[in-house]
Amino acid sequence: MVECGDEDFVSPLLSIRDLRVAFRTEAGPFEALHGLSLDVARGRTLALVGESGSGKSVTAQAILRILPRAAAITGGQILFEGQDIARLPADGPAMRDLRGQRVAMIFQEPMTCLSPLHTVGDQIGEALRVHTEASRKEARARTREALAHVGFPDPERALDTYPFELSGGLRQRAMIAMAIILRPALLVADEPTTALDVTTQAQILALLARLQEETGMGILLITHDLGVVANMAHDVAVLYRGRLVEAGPRDVVMRAPGHAYLRALLHAVPRFDMAEGERLTPIRAARAAIPPARSGAPDAGPILRVEGVSKTFTLRAGRAWDPPRLVRAVADVSLTLPAGKTLGLVGESGSGKTTVSKMVMRALAPDSGRVRFDAGAGPRDVHRLGPAELFAYRGQAQFVFQDPYASLDPRMSVRQILCEPMEIHGLPRAQARARARELLAMVGLEAEALSRFPHAFSGGQRQRIGIARALALEPRLLVLDEPVSALDVSVQAQILNLLKDLQAALGLSYLIVSHNLAVIDYMADTISVMARGRIVEEAPRAALFRGPAHPYTRALLAAVPDPSLDHPLDFAAVTGDQSDPARWPSPFRLAPDEAGAMVEIAPGHRVRHGAALDRRVA
Amino acid sequence: MIGLVLRRLVTMALTLLFISALVFFVIKLPPGDFLTNRIMELRAGGEAASVAKAELLIRQYGLDRPVWQQYLMWVGLMPGPAGFSGLLQGDWGWSFEYDRPVAEVVGDALWLTLVVNLAALVFVHVVAIPIAIYSATHRHSLGDAVVTVLGYVGLAVPGFLLALILLFYANRWFGLSIGGLYDAQFTGKPWDGAKIRSLLSHLVVPTLVIGLGGTAAMIRRMRANLLDELAKPYTVTARAKGLPPTRALLKYPFRMSLNPFVADIGNLLPHLVSGSVLVSLVMSLPTVGPLLLEALRSQDQFMAGFILMFVAGLTVFGMLVSDLVLVWLDPRIRMGAR
């Protein structure tokens, strides 16, 4: 090592030197990390940034020595508190002593990372019982403290709940409680907020920052979200294909990114301060053959009108004699989508936005209200179509799914996937095959892809195939349900740009459903914000982001971590549940079951007010 | 919880009633029955006295009445010539073939069947689970490969063939007498220490034979289940907490991988009874399997009906047990059931 003299003086908590990790594969060894070196200091957060496959998770697993069986450390050192843990046996007592006690880890998926068969209290207390002589009673008491510490509203009750009874945010809090119960010196957080809603994400980030301040632990934060980096990190390290390409203090790295990759990454994610009409620059350009724009008279009326739809789900009652529990998923939602435009529907999970999209597709029947679709032949209620008309509607309205891994049948070749809808709709085979080639070119894939199967493609490529399938029948309306939230940050820009280009060329109308406000901001012309099954605010895109009126919209916007260092998150403002209508300030407050009314505050900008205001006005 | 059990019990009763109707009518489907066949035989042989006795039996068991009445009398929902006397009252009927009450014929066979099959069940689990755990945690190792090959062999070898081979060598090498569940000298003797010892030594081979196919299948399935669970993130969480490997394995992935097996108890019990018929025949085990086969062949209706109902009862009981164990084992089901 070069730097020696003052080594002990500033000796970092964790110091990785020239770390190499290789996987055994059928095609021979594959090196995932080629000599990685980085330091994490006590009380500081190092953000490790990179796209999937860059080796960030492998780094985390190597530090805890929980690499998959096929992977092994082939060289280098991992110095933790002066000890080289790369040389310890992975499951030996010395390494086990460190794991969970001095080094702890939290993961991306708080649901699957907790066992559904054991109570939260048991799983958290276990870390304590493994490493200390604590009795069951002591462990229970300290687990209760830990749960209170990470912000559980009722820690005593939480001890005996199971993970599936908790919301995503509480589950991640439980994971954090498990990690910090023994006050580790180093916390490795692998994408800790990627699976969470934006407001929950902000709360979890605030919690991590608070815990670090209290305990002085070092955090290695693995993320692909530059907004999270800007708000959490003291130092940044950028990983690209198993190599460190850039490292340094946050302000230096983020303000003047030296390496082309980080510069590209900064321009590939949607941001709020983008200029009107500015395009994202994908990291790797895709060559999509967008057809020339169609000429033709623009349609007269809106292509889609959702008029006052409501949907209530019945939960199975526990006992036969209990009345069934009703959950109102969607209450009196109205939307208008002009032809050729994009309508964004935003809300947290559970706000009812996916239920609305399913009712538009007639995958669910509304309890009341109408969904009217007009492809030029006059508006028709989608839910009253006869079999023949419904068949035609199926060709005109198509769906792009969130998860490109689960939405393509692994046993069908791309050709079969693309041709199936056309065959169902009676296109001759030769024509269908020719059209399949055209579709692939349209989404920027080579014709060789036709005979391959989905597993041969990356997430972004699969999503292109999903889009091509949706376009096969030349639909007029695409419903996009979180089209990029399952994709790596490096390909999100490609997909979003592709969707924009296709819309311009084919005159498509989009209903895009997302919890990602930046994506909605980039894509939508008008935006509707949903909370607890109701639309609380709707406005043209610019108006909504310039002057959000509703407290819920404001909370959503305030919770988005911005990659720019000039707009830090206000952690103090994101505490508490902002989706409860009874806690909104007047005039927005809604009593339980109160509908309120939409009030126009500017042209096209409407906000839901409660009865309190109506009385004053009247 | 109590409500759940009560609901289940009512469903069980209804299921058994339905099965009993099915069993009875299926047995009655072929033309004729044991007694009419016998009467024809006797008439041909000119034995008038026996014919009279058979006709008496026909009247006594109401076999001259319509089928639905016969059914109700058999179940015990309708008074027969001797008042209410059917399955519900504990009267399992008369075996025409053996000319004795079914209860007497079946007697020992019933619980010997249970003993043999429970022994096989215990054998399957005790042998399969550790092997499966080893095989899953040492995937692609030499041991795993050996176990896999042995598993396929175990699956492919027919039980009766193995029975014959084992019987031959058990006798040749260890001097174990061929067949039966106890030495011939104990037949008809009361159960004392010597007879029980004889039973235990005779149990080894049938347990092995009946259990082997099941063991091989269980190793394969358990290994696959466990491999799935080992790849789940909560297994990684357990390691990241610093749990020793064995403890982490048993507490998390192993417990998760048990669910399908618990759910299978209901199928396992009857399968063990009916699946061991061939083996029982070959090894001349005094279990109900061979009795059932014989009863079906000779249309000995009450005998066949009772054994089938016994198997059905076992199935339904097994389902109840597996449901209750699942509720106890898996909080997700518990919460859904509450």
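**Chain B, its bent helix and the contacts with chain A**

In chain B, 67% of the contacts with a separation of 6 or more are between residues 24 or more positions apart. The model is a predicted one, and chain B is a handy place to begin. Its secondary structure comes to 15 helices and two strands. Taken along the principal axes, the C-alpha atoms of chain B fill a box of roughly 85 × 55 × 40 Å. Of the 338 residues in chain B, 33% are buried.

One helix of chain B deserves a look of its own. A straight helix of 38 residues would span 56 Å at 1.5 Å a residue, yet α8(B) spans only 47 Å between its end C-alpha atoms. There is also a bend in α8(B), of about 40°, and it sits at Gly211(B).

Next comes the nonpolar interior. The largest nonpolar core holds 213 residues, and those touching the most other members are Ala177(A), Leu186(A), Val188(A), Leu220(A), Leu221(A), Ala468(A) and Leu511(A). Even so, it is helix α8 (residues 193-230) of chain B that supplies the largest share of this core, with nine residues. Another core, of 30 residues, lies apart from it; Tyr61(B), Tyr71(B), Trp74(B) and Leu268(B) are among its members. As for Ala177(A), once its neighbours within four places in sequence are left aside, this residue is in contact with Ile124(A), Ala146(A), Leu147(A), His149(A) and Val150(A).

Where the two chains meet, 26 residues of chain A are in contact with 20 residues of chain B. On the chain A side, the elements giving two or more residues are α2 (93-98) and α3 (120-131). Of the elements there, α3(A) gives the most, with four residues. Sorted by class, the side of chain A that touches chain B has 13 nonpolar, six polar and seven charged residues.

Further along chain A, helix α19 (residues 551-559) has a set of buried residues: Tyr552(A), Thr553(A), Ala555(A), Leu556(A) and Ala559(A). These lie on the same side of α19(A), because they cover an arc of only 160° around the axis. What do the buried residues of α19(A) pack against? Their partners in chain A are the helices α7 (198-215), α17 (517-523) and α18 (541-546), together with the strands β13 (342-346), β19 (526-531) and β20 (534-540).

Key: Residues numbered from 1 in each chain as written. Chains lettered and ligands numbered in written order. Predicted model: local features only at pLDDT ≥ 70, side-chain atom pairs only at ≥ 80, totals over all residues. Core = buried A, V, L, I, M, F, W, Y, C linked by C-beta atoms within 7 Å. Buried ≥ 20, exposed ≤ 12 C-beta atoms within 10 Å, placed from the backbone. Contact = placed C-beta atoms within 7 Å. Expected span 1.5 Å × (residues − 1). Bend = angle between axes of the 7 residues up to and from the residue. Nonpolar A, V, L, I, M, F, W, Y, C, P; charged D, E, K, R; others polar. Arc of directions from axis to C-beta.
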